[in-house]
Amino acid sequence: MEEAEIMSVNLIFKIAAVGILVTVISQVLKHSGREEHAFLTSLAGLLIVLFWIVPYIYELFQTMKDLFAL
């Protein structure tokens, strides 16, 4: 496997781990009556994943730009 493929697989596993962790924490907080904290936990998980994905999205747009020579 190439290094980029390994990084992509690791990124998918990281995203899945954050998703599972955020879901569990959010459910515990909701059942304890802290809906606001559950929402903030979900938002924090989303922001973490977005920060991981943004470089790949930027690379995708650069590739598309180069492909169409814009």
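**Figure 1. The residue just after helix H2 of the predicted model.** Ala69 follows directly after H2 and takes a positive phi of about 50 degrees. The helix that precedes Ala69 covers residues 35–68. Leu67, a residue within that range, has its C-alpha 51 Å from the C-alpha of Gly33, at a sequence separation of 34 residues.

**Figure 2. Helix H2 and its kink.** H2 comprises 34 residues. From the first C-alpha to the last, H2 reaches 47 Å, close to the 50 Å expected at 1.5 Å a residue. The helix is kinked by about 35 degrees at Ile53. The proline Pro55 comes shortly after the kink. Ala38, Gly45 and Val49 are the buried residues of H2.

**Figure 3. Val49 and its distance to Gly19.** Val49 is a residue of helix H2. The relative accessible area of Val49 is 14%; the limit for a buried residue is under 20%, so Val49 counts as buried. Between the C-alpha atoms of Val49 and Gly19 the separation is 8.9 Å, although their positions lie 30 residues apart in the count along the chain. Gly19 falls within the range of helix H1, residues 3–31.

**Figure 4. Ile15 and its distance to Gly45.** Helix H1 contains Ile15. With a relative accessible area of 27%, Ile15 is partly exposed, because the value falls between the 20% and 50% cut-offs. In space, Ile15 and Gly45 are 9.1 Å apart from C-alpha to C-alpha, and in sequence they are 30 residues apart. Gly45 is one of the buried residues of H2.

**Figure 5. Val18 in helix H1.** Val18 belongs to H1, which runs over residues 3–31. A relative accessible area of 16% makes Val18 a buried residue. The C-alpha of Val18 is separated by 23 Å from that of Glu59, and the two residues are 41 apart along the chain.

**Figure 6. Gly33 in the loop between H1 and H2.** The loop that joins the two helices includes Gly33. Gly33 has a relative accessibility of 46% and counts as partly exposed.

**Figure 7. The chain as a whole.** The predicted chain has two helices and zero strands. Its radius of gyration is 17 Å, whereas a compact globule of 70 residues would have one near 11 Å. Along the principal axes, the C-alpha atoms fill a box of roughly 55 × 30 × 10 Å. Of the 70 residues, 11% count as buried. The exposed area is about 5900 Å², of which carbon and sulfur atoms supply 73%. The chain carries 4 positive and 7 negative charges, and the mean positions of the two sets are 12 Å apart.

Key
Residues are numbered from 1 along each chain as its sequence is written. This is a predicted model: local features need pLDDT of at least 70, side-chain atom pairs count only at pLDDT 80 or more; totals for chains, interfaces and linings use all residues. Side-chain values use heavy atoms; hydrogens and water are left out. Helices (H or I, at least four residues) and strands (E, at least two) are DSSP runs, numbered from the N terminus. The radius of gyration is taken over C-alpha atoms; the globule rule is 2.2 Å times the number of residues to the power 0.38. Buried means under 20% relative accessible area, exposed over 50%, partly exposed in between (1.4 Å probe, protein chains only). Accessible areas come from the Shrake-Rupley method with a 1.4 Å probe; for residues, only the protein chains shown count as cover. Lys and Arg count as positive and Asp and Glu as negative; His and the chain ends are not counted. The place of a charge is taken as NZ of Lys, CZ of Arg, CG of Asp or CD of Glu. The expected span of a helix is 1.5 Å times one less than its number of residues. The bend at a residue is the angle between axes fitted to the seven residues ending there and the seven starting there.
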